[in-house]
Amino acid sequence: MEEESSDSTPCNEEEGTFITKILGEMKTQFNNGSEENSQEEVQKVESEAVTEDTTAVTLGFSKPRKRSKRVKVAIDVNVKRSTRRRSRDYNESILKTAIARKEKSYNESDKPQRLTRQLKPTQKILDNIANAAASKHEKKKRVKGGDGEEKVVKVKSTRRRTKVVEQLVEIKEEIVESDTKLNIELDTKPVLVPQMTATQLCVCSHETKYYVLVENRENVFCTAIDNISNKLIGCNNPVNHKDSSMLRPSVRIPYGVFCSLHRSRMLNHNCCPVCGIFCTQGSFVQCENKHQYHRKCQNSIDEALVCPHCGKPSPTTDIEIIMETSKPPVFLRTQQLSVKSIETSNVKRTNNRESSCESPPMISVEDLKLYNETEMRESGQYSINDLLDCIKKSDYQEVAAILGSRSVDLNSFVECDKDETGTVLHYSARHGLLPIIHMLTIAEDDLDILDSEKNTALMVGVLHEQNDVVKYLTKAGASIIAKGMDGMTALHLAAKCGNLEACEILLSTAAHIKNYIDIADDGGWTPLVWSCEHNHVDIVKYLLSEKANPLLSDVEQNVALHWAAFSGSSKIVEMILNFGGEVNVINSHGDSPLHIAARQDNYNCVLVLLARGAKIDVVNKADETPIECCPENSKSYEALILNIRLQSYIQVDNSTSNCLSNDISEGKERNAISCINSVDDETPPRDYCYVTKNCIMPDIQIDSDTLLVSCSCSGICQSSCDCYKHSNVHMGDSLANDLTGHKVIFECSPSCSCSDEVCTNRVVQKGSKVKFQLFRTRSKGWGVKTLNVIKRGTFVSEYVGQIINEEQADSREDDTYLFDLDNKFQGTERFSIDAKFYGNVSRFMNHNCRPNLLPIRVFTDHHDVKFPRISLFAKCDIRKNEELSFDYGEKFWAIKKNYFACKCGSDNCIYSERQVKNSVQKC
Ligand SMILES: C[S@@+](CC[C@H](N)C(=O)[O-])C[C@H]1O[C@@H](n2cnc3c(N)ncnc32)[C@H](O)[C@@H]1O
């Protein structure tokens with residue numbers, strides 16, 4: 001007896017069984033193939049889990065698990081998680097069970113409730129079963145009852161996976177013996193049933209021939225109930241096969257099966273024959289035969305109080321029995337609330353202790369006190385931090401006790417990490433505490449609470465790569481579509497942080513993968529976009545293989561390819577294109593993926609995009625082609641330049657008849673200048689030399705030493721810049737309205753201290769970015785048009801040629817391309833730019849009485865006012881394919897009107913044939 005008492009106390013067994021069960025449960029759930037999980041299978045698993053867990057350990061998890069909230073969420077977004085939805089019947093059955101439990105009061109000591117999970121066959125039940133079985137198995141087994149009829153005994157365990165065992169037993173006629181031996185030794189095997197007499201009531205030591213077939217130790221559990229300081233504790237120890245005969249302490253009590261410990265105690269009359277509860281700890285009555293019972297259960301015969309076991313006189317004083325065991329029992333919540341803890345129950349070591357030690361000891365007072373002091377709260381109330389402490393210690397027993405007490409609000413926040421708070425479920429998910437999570441999911445309704453970072457526990461599992469937790473929570477009913485920070489789901493987070501396994505678990509859980517995989521967050525970003533942006537090649541591959549849509553755009557019309565170009569993974573760019581991505585898709589800024597790859601200088605992406613047909617001449621809303629977004633001198637820039645050249649050669653081959661040249665600059669300009677003629681047979685002009693800078697004749701000296709101004713700005717020059725202040729035309733000024741003043745710009749020069757890289761007062765010196773085309777006009781010879789949109793104020797081109805003096809100018813036969821540099825600084829010496837023999841694209845720009853370009857004198861590297869750079873700026877917004885023109889001035893037309901009229905065609909043309917005639921007539 002004592003050997004058993006040390007290692008088979010109810011609580012020891014409870015704890016071990018419980019933890020084993022938790023792990024077994026999880027294993028069971030994990031082993032269910034995720035893809036094959038039908039609704040029924042999942043329901044079955046969860047149903048079993050609930051059934052078992054609600055009866056596990058302290059029986060404290062009687063709270064029904066509500067799923068309606070999550071189901072509602074699923075319906076809201078049209079994502080049905082059918083595999084985890086519960087049937088109505090199922091919910092109702094849980095509800096019924098809960099109500100039934102609620103109605104039961106475990107504290108009704110007058111009506112002791114069986115805490116066992118086993119059905120207790122009363123004699124009536126036995127008889128009924130026997131009758132039914134006898135008729136069914138009449139030919140197979142003959143069973144003889146005490147009344148001569150055949151009987152069947154059926155004992156069924158409701159415990160999960162417990163097989164219903166059924167054994168036909170032969171019930172021998174009970175032999176009535178008046179001279180019954182009462183104090184039976186443990187190894188006695190009494191078979192005689194005494195006749196009840198007034199002085200001897202109990203049948204504790206009378207074994208019957210009712211047996212339970214015990215196939216293995218776990219199938220049947222002890223049905224004993226201990227009275228421990230007025231608390232009723234169920235045993236539930238496994239019943240050994242050798243203890244399979246059924247006993248009862250009196251004829252009033254149904255038969256039960258008992259573990260070796262309780263069996264021996266029953267034989268020693270430690271079980272009260274009136275209420276059937278074992279006298280284990282506390283105040284009891286003990287007769288001179290050392291039979292124990294409750295004071296209120298003592299018998300009365302002829303007004304004398306007697307022992308209900310043997311009829312001996314009842315002592316007037318109680319004995320105090322104290323258990324001795326290494327571990328305390330676990331109390332039900334209701335017991336904790338209504339009964340003082342053992343610590344405060346004034347347990348005294350009385351002289352009766354010695355005699356009480358003959359009763360089977362179970363727990364030591366020291367252990368019990370220690371337990372009480374450190375773990376149990378007197379009132380049964382716990383704080384959330386008590387629970388967190390137990391979780392941190394992985395003290396499953398205590399966690400179960402606290403959860404069972406239902407005194408803790410599981411929605412309370414605890415510190416999960418530095419500056420991060422969340423529920424204990426978040427904490428457990430972060431640390432991968434599966435057994436704890438299992439308990440919490442049973443005790444907690446809402447698995448989708450957001451922590452301080454707006455993550456659900458499922459998301460926390462994803463982020464910390466606790467994929468067992470992810471798997472478990474998805475099966476336990478956590479919402480996979482719940483949204484956290486910025487509307488991101490667990491799948492967004494998994495894709496973002498590169499957790500491929502979590503992506504697979506989440507997608508395998510989704511009822512409708514198609515709806516789930518392309519779910520967008522608040523920015524309109526899909527999980528695919530997140531994985532593209534964060535360069536997770538494996539996840540991109542997986543999502544695309546699961547039919548993620550690469551064409552879905554975000555709020556700025558970016559698609560996954562834009563983000564792939566941004567991140568710089570050429571593999572991802574390639575994959576997206578292979579899965580149907582459009583190479584020239586445009587976002588709301590007009591940027592193609594090539595724009596973005598070029599801007600980021602993602603060389604390999606630029607190469608892949610070019611190879612897959614990305615257009616190099618797409619202009620975005622900032623009037624930039626991809627190369628104009630690209631940092632100069634970068635590898636991407638070189639690739640784009642090369643591609644532009646290659647494209648131009650391809651255009652020659654495929655040219656229409658009116659394209660005469662791909663580049664009249666012969667590669668001297670940043671952008672090739674094609675030449676087309678759809679008007680006549682004129683061939684491209686070849687009577688000049690294309691130059692990009694002025695040619696200064698040897699006899700002309702430019703003073704490069706004298707600087708009028710320089711700035712000492714650091715970084716970007718602003719309005720306080722001295723160079724800027726010396727200019728009377730500024731970038732961004734309304735040029736169209738500034739036709740009268742001296743249009744001079746002093747750009748910052750090498751002598752300035754500002755940064756060449758970022759200074760905004762350096763424009764002309766950096767060259768034009770406009771894409772020109774030379775075309776044949778119908779009445780003005782050649783002309784120039786822009787192939788891209790030009791914003792007002794943009795530097796378009798410099799009028800370049802030979803710088804010659806007045807004498808040289810006068811000696812030139814053809815003055816068609818002369819541009820006078822005369823200005824007020826010039827004094828007596830006059831200079832001109834002649835583009836007749838040397839020039840650039842500007843030499844082909846015609847006159848217009850309503851021009852779109854304005855010539856401005858600009859000084860860049862020198863300040864010799866006699867030699868400004870004639871820079872043409874856009875004086876208005878200019879459309880694509882619009883001809884570029886400037887005003888040649890009165891001086892030009894004063895002479896030329898005698899030879900030809902202006903053909904600009906503008907409505908206010910002042911040099912047209914008609915206007916000229918009118919002016920002549922007026923004269
Ligand atoms: C600087 S060039 C311009 C390029 C010229 N169209 C060519 O084919 O080389 C100036 C000459 O172009 C022609 N031109 C320019 N603007 C004109 C206009 N508005 N009307 C008539 N002819 C014009 C005149 O022959 C003028 O002398």
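I will go through the repeats, one buried residue, the nonpolar cores and the ligand shell of this structure, which is a predicted model.

Start with the annotation. The UniProt entry, which is unreviewed, places the feature "repeat: ANK" at residues 486–518, 523–555, 556–588 and 589–621. I looked at two of these stretches. Residues 523–555 are 48% helix and 0% strand, with the end C-alpha atoms 6 Å apart. For residues 589–621 the values are 48% helix and 0% strand, and the end C-alpha atoms are again 6 Å apart.

Now a single residue, A565. It is found in helix α22, residues 560–567. Is A565 buried or exposed? A565 counts as buried, because 31 C-beta neighbours lie inside 10 Å; the cut-off for buried is 20 or more. Setting aside residues up to four places away in sequence, A565 touches V573, P593, I596, A597, N602, C605 and L609. One more pair to note is A565 and L594: they are 29 residues apart in sequence, and their C-alpha atoms are 7.3 Å apart in space.

V573 comes up again on its own list. Leaving out neighbours within four places in sequence, V573 is in contact with L561, A564, A565, C605, V608 and L609. C605, V608 and L609 belong to helix α25, residues 603–611, where the buried residues include these three along with V606 and L610. After α25 comes G613, with a positive phi near 95°.

Next, the cores. In soluble globular proteins, nonpolar side chains tend to be buried together. Here the largest nonpolar core has 91 residues, and those with the most contacts inside it are V399, I437, L473, L506, V573 and L609. Helix α14, residues 434–443, gives the largest share of this core, 7 residues. Another core, of 55 residues, lies apart from it; I745, C752, I833 and Y838 are among its members.

Last, the ligand. Which residues come nearest to it? Of the 13 residues around the ligand, the nearest are G781, W782, N846, H847 and K903. By class, the shell has 6 nonpolar, 4 polar and 3 charged residues. Where does the ligand lie with respect to the domains? Domain 3, residues 689–888, and domain 4, residues 891–923, both give residues to the shell, so the ligand lies between them.

To recap two points: A565 is buried, and the ligand lies between domain 3 and domain 4.

Technical notes
Residues numbered from 1 in each chain as written. Predicted model: local features only at pLDDT ≥ 70, side-chain atom pairs only at ≥ 80, totals over all residues. UniProt positions renumbered as here; feature names shortened; annotations may be inferred. Helix = DSSP H or I, 4+ residues; strand = E, 2+ residues; numbered from the N terminus. Near = placed C-beta within 6 Å. Nonpolar A, V, L, I, M, F, W, Y, C, P; charged D, E, K, R; others polar. Domains from an automatic or database assignment. Buried ≥ 20, exposed ≤ 12 C-beta atoms within 10 Å, placed from the backbone. Contact = placed C-beta atoms within 7 Å. Core = buried A, V, L, I, M, F, W, Y, C linked by C-beta atoms within 7 Å.
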